[in-house]
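This report looks at selected local features of one structure, beginning with its cysteines. The sequence and the structure are shown here.

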Amino acid sequence: MAGLHVSRQLGKLGQADFEQAAQPLDRRRRHHEAIRPFLDRVFAPAHEYLVPADDETLVCRCEEVSTKRIREAVSLGCIGPNQIKSFTRCGMGPCQGAQCGSTMAWIIAMN
């Protein structure tokens with residue numbers, strides 16, 4: 001699909017040809033994604049894996065930010081990931097939030 005989009009943007013492929021070539025690929029993608037809602041429901045991670053129960057668990061290993069520090073920032077009024085980053089440096093290490101971003105978002109949502 002990406003190659004088709006690039007070809008269309010470069011003018012190498014007309015709109016009609018793009019749609020014709022994309023149709024079977026899009027149908028195949030939808031077929032493979034059809035199981036996703038079922039998998040998300042059946043294999044959803046338990047809440048205790050999303051939000052650590054104790055305050056000493058390191059959420060951001062790169063910057064050594066604990067659950068407690070994130071909760072403290074939320075209690076001070078930080079309601080978004082960018083504000084949490086400014087207050088705690090969570091998500092600003094080498095992984096750029098790839099490891100801690102979703103946990104940080106869950107902690108914000110649950111507080």
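## Cysteines without a bond

The sulfur of C95 has its closest cysteine sulfur in C62, at 3.8 Å, which is too far for a bond, a disulfide being defined as a pair of cysteine sulfur atoms within 2.5 Å. A search of the whole structure accordingly returns zero disulfides, and C62, whose nearest cysteine sulfur is that of C95, is in no disulfide. C95 is partly exposed at a relative accessible area of 22%, and C62 is also classed as partly exposed, at 36%; the classes are buried for under 20% relative accessible area, exposed for over 50%, and partly exposed in between, with a 1.4 Å probe and protein chains only.

## Basis of the model

This is a predicted model, in which local features need pLDDT of at least 70 and side-chain atom pairs count only at pLDDT 80 or more, whereas totals for chains, interfaces and linings use all residues. Residues are numbered from 1 along each chain as its sequence is written, and side-chain values use heavy atoms, with hydrogens and water left out.

## The nonpolar core

The largest nonpolar core, meaning a set of buried Ala, Val, Leu, Ile, Met, Phe, Trp, Tyr and Cys residues joined through side-chain atoms within 4.5 Å, has 15 residues, and those with the most contacts inside it are V59, I70, I84, C90 and M104. At least two residues of this core come from each of β1 (58-60), α5 and α7, where helices are DSSP runs of H or I with at least four residues and strands are runs of E with at least two, numbered from the N terminus.

Beyond residues up to four places away in sequence, V59 touches V65, S66, T67, I70, C90, C100, T103, M104 and I107, contact meaning heavy atoms within 4.5 Å. Of these partners, T103 is located in helix α7 (residues 101-110) and counts as buried at 18% relative accessibility; its contacts, leaving aside neighbours within four places in sequence, are L50, P52 and V59. S66, in strand β2 (residues 65-66), is buried with a relative accessible area of 10%, and on the same sequence criterion S66 is in contact with D55, E56, T57, L58 and V59.

## Helices α5 and α6

The axes of helix α5 (residues 67-75) and helix α6 (residues 81-88) come within 10 Å and cross at roughly 115 degrees; axes here are lines fitted to C-alpha atoms over the stretch in contact, and angles run from 0 to 180 degrees between N-to-C directions. In this contact, R69, I70, A73 and V74 of α5 meet I84, F87 and T88 of α6. These residues divide into five nonpolar, one polar and one charged.

## Positive phi in two loops

Most residues other than glycine have a negative phi. E64, in the loop between β1 and β2, has instead a positive phi near 55 degrees, and E64 is exposed with a relative accessible area of 59%. Q96, in the loop between α6 and α7, likewise has a phi near 55 degrees and is exposed, at 57%.

## L25 in helix α2

L25 belongs to helix α2 (residues 15-33) and is partly exposed, with a relative accessible area of 37%. Its contacts, apart from neighbours within four places in sequence, are M1 and L4, while W106, 81 residues apart from L25 in sequence, is 35 Å apart from it in space, C-alpha to C-alpha.

Notes. Ala, Val, Leu, Ile, Met, Phe, Trp, Tyr, Cys and Pro count as nonpolar, Asp, Glu, Lys and Arg as charged, and the others, Gly among them, as polar.
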